[in-house]
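Subject: Structure handover

Hello,

The structure we discussed is below, for you to look through. My notes on what was found follow it.

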Amino acid sequence: MAVVVGVILGAGLSRRLGRPKQTLPLGDTTLLGWVVREAEASSLDRVVVVTTDGVEPVRAEVTEPSGRDPSCTATSLRAGLAAAGEADAVMLLLGDMPGVDAPVIDTVRAAWEEERPWALATEYADGRGHPLVFSAGAVDALRSARGPKPAWRLLGSDPARVATARVARPLPRDVDTWDDYEAVVRALA
């Protein structure tokens with residue numbers, strides 16, 4: 001069985017929301033804590049959380065982004081990949097998408113393990129979303145990616161090498177606004 005490390009990106013500044021969304025309450029934890037707990041409950045071999053806010057993981061490793069702009073996705077991504085170390089694949093998860101639960105993570109991992117493609121995106125009933133998986137052979141390209149949405153841009157640069165994991169659920173909500181947050185609380189908490 002391959003070694004797959006989950007990297008949770010949770011260091012954004014939440015500019016659209018107006019305050020750090022990672023620390024918003026969700027059930028008995030926070031938005032980021034919920035995502036971490038689901039990743040820890042999954043079949044991932046290790047979990048790395050990239051954040052500037054406190055999180056209390058059970059088994060995940062916490063790392064902080066470094067550089068000129070720690071809220072930049074590419075900066076957080078590089079920090080997470082560095083902390084992930086050697087692995088057959090890295091699964092990228094978003095710290096503001098709590099609907100990506102352990103069963104989704106396990107389904108996506110199994111789909112990647114079946115073919116071990118260069119990269120894999122998740123296809124929900126109504127669109128593409130996270131988690132994304134990158135094989136060890138794609139990690140150098142991912143590490144050197146810059147700008148906004150570096151992982152998606154990398155997937156788009158060579159679509160013939162990108163497989164798809166199908167999940168028969170609606171695309172989980174990404175919390176960017178107060179309406180998103182309130183909908184997530186109603187659905188999950």
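A hairpin connects β7 to β8, with two residues forming the link. Please keep in mind that this is a predicted model.

The two strands of that hairpin, β7 and β8, run antiparallel and are joined by five bridges. One bridge pair is Leu120 with Val133, the latter in β8. On pairing with β9 (residues 162-166), β7 again has five bridges, but here the strands run parallel. Ala119 has Val162 of β9 as its bridge partner.

As for burial, five of the six residues of β7 are buried, so the strand is largely enclosed by the rest of the structure.

Two backbone details may be worth a look when you set up the model.

- Cis peptide: the bond from His130 to Pro131 is cis, and its omega is near 5 degrees. Pro131 belongs to strand β8, which covers residues 127-135, and β8 is the antiparallel partner of β7 described above.
- Positive phi: Arg116, a residue other than glycine, has a positive phi, near 50 degrees. Arg116 sits in the loop between α3 (102-115) and β7 (119-124). Its relative accessibility is 42%, so Arg116 counts as partly exposed; the cut-offs are under 20% for buried and over 50% for exposed.

In short, β7 pairs with β8 in antiparallel fashion and with β9 in parallel fashion. The loop that holds Arg116 lies between α3 and β7, and the cis bond to Pro131 falls at a residue of β8.

Regards

How values were computed. Residues numbered from 1 in each chain as written. Predicted model: local features only at pLDDT ≥ 70, side-chain atom pairs only at ≥ 80, totals over all residues. Heavy atoms only, no water. Helix = DSSP H or I, 4+ residues; strand = E, 2+ residues; numbered from the N terminus. Buried < 20%, exposed > 50% of the residue type's maximum accessible area, 1.4 Å probe, protein only. Pairing = 2+ DSSP bridges.
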